[in-house]
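Here are my comments on the model you sent, set out as numbered points. Please read them with the structure open beside you.

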Amino acid sequence: MGRLKDLRAMVDAELNRMENPDKRISAANHLYGVSLAATMIARRRGLDPELAAMAAMLHDLHAYKTGSYDDHAHRGAELARKILADLGQTDERETDLICSAVYHHDDKLVVDGPMDEVLKDADVIHHCMNDLSKAVKDKEKARFEALCAEFGM
Ligand SMILES: [Fe+2]
Ligand SMILES: [Fe+2]
């Protein structure tokens, strides 16, 4: 098994502990949707698509585990580090890249490192394109428009 598959099995196990089946489905839908978007964006920008997909699988897990979005990006980065240590298939540089992306993913109005930006953009793609009938949130408008221009959508 590849390490993305192994990580997904660990994330799935965490999601399966969620009691509310609707929330569990929506959590899985979001993590896998952001993961696919992150893969595509990273590939387009010449970054590592596997690391991007791994960061995406972890990015909101703290919120799903605890039921709270309070500081979930920063706390989620700590959780990601623990899970990656258990996974044991990333080196220090890869672990830092993934945890940094998770840490910064809620800071949508500022620009961080290239891999951090892949995760933010993938999150926005899923928020905006999972259901095109929904209005784009104000705080995501600029980023979504930039993505549409970049990808010719
Ligand atoms: Fe988030
Ligand atoms: Fe998210």
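1. In this predicted model, E150 counts as exposed because 12 C-beta neighbours lie inside 10 Å of it, and a residue is classed as exposed when that number is 12 or fewer. E150 belongs to helix α8, which spans residues 138-151, and its C-alpha atom is separated by 9.7 Å from that of R44, although the two residues are 106 apart along the chain.

2. The largest nonpolar core has 35 residues, and those that touch the most other members are A38, A52, A55, A56 and I98. At least two residues of this core come from each of α1 (3-15), α2 (21-44), α3, α4 (61-66), α5 (72-87), α6 (92-104) and α7, with α3 giving the most, namely eight residues. In soluble globular proteins, nonpolar side chains tend to be buried together.

3. Leaving aside residues up to four places away in sequence, I98 touches L51, M54, A55, L58, A80, L84 and T90; one of these, A55, is also among the core residues that touch the most other members.

4. Helix α3 (residues 49-58) packs against helix α7 (residues 114-129) with the axes 10 Å apart and at an angle of about 55°, and the two helices are therefore oblique to each other. Their crossing is right-handed. On the α3 side the contact is made by L51, A52, A55 and A56, and on the α7 side by M115, V118, L119 and A122; by class, this contact has eight nonpolar residues, with no polar and no charged ones.

How values were computed:
Residues numbered from 1 in each chain as written. Chains lettered and ligands numbered in written order. Predicted model: local features only at pLDDT ≥ 70, side-chain atom pairs only at ≥ 80, totals over all residues. Axes fitted to C-alpha atoms, helices over the stretch in contact; angles between N-to-C directions. Helix = DSSP H or I, 4+ residues; strand = E, 2+ residues; numbered from the N terminus. Parallel < 35°, antiparallel > 145°, perpendicular 65-115°, else oblique. Left-handed = near helix turned anticlockwise from the far one by under 90°. Contact = placed C-beta atoms within 7 Å. Nonpolar A, V, L, I, M, F, W, Y, C, P; charged D, E, K, R; others polar. Core = buried A, V, L, I, M, F, W, Y, C linked by C-beta atoms within 7 Å. Buried ≥ 20, exposed ≤ 12 C-beta atoms within 10 Å, placed from the backbone.
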